[in-house]
Amino acid sequence: MTTVATNPRPQTKTKWLDMRINGVTVQAAEGSRVLDAVNDAGFEVPTLCYDERVGAQGTCRMCLVEVEVNGRTEQVASCTAFAEDDMSVATPTEEITDYRKTLLEMLLSEMASMNANPYSNKVGPTEFDRAVEEYEARQDAFPQLRVREKASHDTNPFIQRDYDYCIACYRCTNICNDWEQAGAITVDGRGQDSSIFTFFDNELMDSPCTFCGQCINTCPTGALTDRKVVSQDIVAQNVDHTQTVCPYCGVGCGIELLTHDGEIIGAEPDFSAPSRGSLCVKGQFASWEFVRSEERLRHPLIKQSDGTFRQASWDEALDLVTSKFKGAIATEGPDSIVCWASARVVTEANYLMQKFARVAIGTNNIDNCSRT
Amino acid sequence: MSNSIEELAGSDFLLVTGSNTTEAHPVISLRMKRAVKNGAKLVVVDPRKIELTRWATRHVQIRVGTDIPFFNAVANVIINEGLHDGEFIKYRTEGFDAFARHVQMYTPEYSAEICGVTPEEIIDTARDFAAAAPKSAICYTLGITEHSCGSHNVQSLGNLGLLCGTLGVPNGGVNPLRGQNNVQGAGDAGCIPTDLPGYQKVERPGIRDIFEKAWGEPLPRRRGITKITAMEQMIKGRVKAVYVMGENTVVSDPHANHAEHALKSVDFLVVQDIFLTETAQLADVVLPAAAFAESDGTFANSERRVQRVRPAVSPPGEAKTDVEILLSLFERMGKPQTMETSKDVFNEMRSVTPIYGGISHERLDREGGIQWPCGDEDDPGTEYLHGDEFSTGFPGFFAPVDHIPPAEEPDDEFPWLLTTGRRRSTYHTGTQTGKATGFQHLVPHEMLEINPLDAAEMGLADGDLLDVASRRGKVTVSARITERSPRGLVFMSFAFPEITRTNDVTSDAYDFITETPEFKACAVKISKSEYQDEEFRRAQRRIRLAGEVKQPTELMPGFD
């Protein structure tokens, strides 16, 4: 019955470039970045400042690779360099590994708290933690040159700002200004003195912040964290992630529910979903507390003649339901019963609900709240 | 949506109407903002000065309920200036000549008068839309559909797509943004009185045979009744028993007193939910259900993408998943099912639902979400509909529709127009966002948004308690003075039913085709509340958590 296009994307002519990556011959589309070409070829390049949603920044220098083109050999930041025909790429070389390690050690020297707490204060090791581990970067390689200012006191209930952990990668300000386009935070100062700043140094509550939480989720170090999650003081290693879908609007953003000891402790975006790691204030900060609310219904309830409810067993409640349904069918016919499905529950339950109405009761009186 | 969310970022022109996208669909608005950043023009046609207008090339502030004359006039300009896509019209549509004659009366000058805008705003919108076609996307939400002429509103937008051939191509389309996480899935599964799963019509010859054979049971022949009709039948005593799954009808439906009265009129009400909602309190039997985080299955989003929902924790106490509850009810009704798990249910559903044919839990686990229609396992799914042919199998019919004003318009007794909608940090009836800590700081309670000039005339200050009354009911709410509301128009959400049950006031009119209620327009009167200030504030305080709460007006990010 349906004739529809199955993904016929408009065909644009792509020019392909021949490259060699660590000796492997590959083809990269003209205009693509060296970073993408290397990743596509199956080699990993570490990054700290890169977020695919806002593109290359070239500030952290972790993605440095060695390229050889037209007989010249040089080291370039692979996120900002474009692929070229006949280019050879090598990563990691011994020199580059050393370079990356030194870079991490310099960043570590600015973090006062790292000495007290080997893992930064996020749930789960952060991108930065993983890089430190992989490159065996030492915390005391350099004398502490300076310590970044602690977060300005910010009482908002959602986003914890702790610039002890800031490495000035600017992913948070890029996401805020370029992607969410809220313009709540910006960079103040230059070089070593740079810091993340709200206008007039206000609290986030008094800024244009929409509390979408995307700064938290792009932050590679734990300088920005979900206050609701970190305030629970749960050790990073004991947290499970479950990929699912946000329970609010029809955008259907991918989320990961964080659980610990059989209880939900928070939510994070699922970066592999089509929503590309974006959430709004509801998905980030309101998608799980209601699940563990004390007010949840725990037992079937039956209303008594005085109008109050009493607890009942499943058998008793379901027997009452079916006897009432059977009674109505017998005396008034199946069309005297109405079933309303839900836009909030899984499709499978909705399928059963309409089949129940049609097969078990015998009526097409099945509707959902799409009208309301 | 005919097209995909991601495609919006690549559109050259976006027409957003009746959608407060940055608040109601924040993550879709990111793609719109991205398109603007890439150089696309964005025209927002909306009575309120919503946040998205900050990114708009043009904000056309039409009066509430004047969508049809506006879009008919846009069509008028496109046709009279020869900007339409003759090729597309010739091969893909029917009824163009009659339509072209029909919109002749809707000149920019004529419609501008009705809509309260200038003719130039109409002409420029038409030219921009046609110039960017086919990469001109139309996005709309309930601001279009929740009117007594809602289905005609939608057709007036569809006409524009047909005129300029923006259907069946990437970055274009006519895109309703769905309001709830699985409203698409509920429709896909056949929870519609006229449709079996996959939008197959109950009354279409041959369709019922297929299902009778697959299910091994005779099926009812006549179409069922909608929610709106059902509530009337309850009051008349023709509906005896009601089974409600996961819906807070008493708060979410218009003219709430009517909905409550209807549900109280039936002999037997079963409500299956995760909380003892206002609706569940009316029930004779309440069945405790699992929440999304405890359920296994799928949701279908606005772009028809079926995605996996997975349980992270177990339900509390004796609560069971909706699938478990329904399967035991089948058994007790003497119709036991062979299905046991959500996966079994999905497999049965796809066997009778051609648009889901190629989708399975296993495939979703492997590949991630898939957009229907997806015919078989090799089908990658469908990013945009109507590629070579309309999915109905018919050509696209132009719809000559006419202006129908809202059922209720302001008069001497009820001089204000009330429109309702959502705010970013509160959702629907507040059963979920109401339980998230910190959210009381963002929007602490219901607020009536009113224009500063109107407020000055009435001598109102921010936070003043007001009584808002319509012919159907009255609520008390505090004033929020803001230029988001044009003069004469006030706005409320409905997320704080404990204190301000907005839908006590809203209209009981509904669309004559789809029976969608007219939430977007009703006439009200406003006066300073007779409530004791202290008493009301104490009630407000009750629902907040402890701790210092700032004035709401200081804490409204994104407002003004």
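In which hand does α3(B) pass α7(B)? The crossing of α3(B) with α7(B) is right-handed, that is, the near helix is turned clockwise from the far one, whereas less than a right angle anticlockwise would make a crossing left-handed. This is a predicted model, in which local features need pLDDT of at least 70, side-chain atom pairs count only at pLDDT 80 or more, and totals for chains, interfaces and linings use all residues. Residues are numbered from 1 along each chain as its sequence is written, with chains lettered from A and ligands numbered from 1 in the order in which they are written.

Helix α3 of chain B spans residues 67-80, and helix α7 of chain B spans residues 119-132. Helices here are DSSP runs (H or I, at least four residues), strands likewise (E, at least two), numbered from the N terminus. The two axes come within 8 Å and cross at roughly 65 degrees. Axes are lines fitted to C-alpha atoms, for helices over the stretch in contact, with angles from 0 to 180 degrees between N-to-C directions. From α3(B), the contact uses B:Phe70, B:Ala73, B:Val74, B:Val77 and B:Ile78. From α7(B) come B:Ile122, B:Ile123, B:Thr125, B:Ala126, B:Phe129 and B:Ala130. Contact means C-beta atoms, placed from the backbone, within 7 Å. By class, 10 of these residues are nonpolar, one is polar and none is charged. Nonpolar covers Ala, Val, Leu, Ile, Met, Phe, Trp, Tyr, Cys and Pro; charged covers Asp, Glu, Lys and Arg; the others, Gly among them, are polar.

The contact between the chains takes 109 residues from chain A and 134 residues from chain B. On the side of chain A, helix α9 (residues 347-361) gives the largest share, 12 residues. That side holds 61 nonpolar, 31 polar and 17 charged residues.

Helix α8 of chain A (residues 314-332) and helix α15 of chain B (residues 322-332) have axes that come within 10 Å and cross at roughly 55 degrees. The pair is therefore oblique. Angles under 35 degrees count as roughly parallel, over 145 as roughly antiparallel, 65 to 115 as roughly perpendicular, and the rest as oblique. The crossing of α8(A) and α15(B) is right-handed. A:Leu318, A:Asp319, A:Val321 and A:Thr322 meet B:Ser328, B:Leu329 and B:Arg332. Three of these residues are nonpolar, two polar and two charged.

Strands also join the chains. β13 of chain A (residues 301-303) pairs with β11 of chain B (residues 285-288), antiparallel, over two bridges. Pairing requires at least two DSSP bridges. A:Ile302 stands opposite B:Val285.

Methods:
Contact = placed C-beta atoms within 7 Å.
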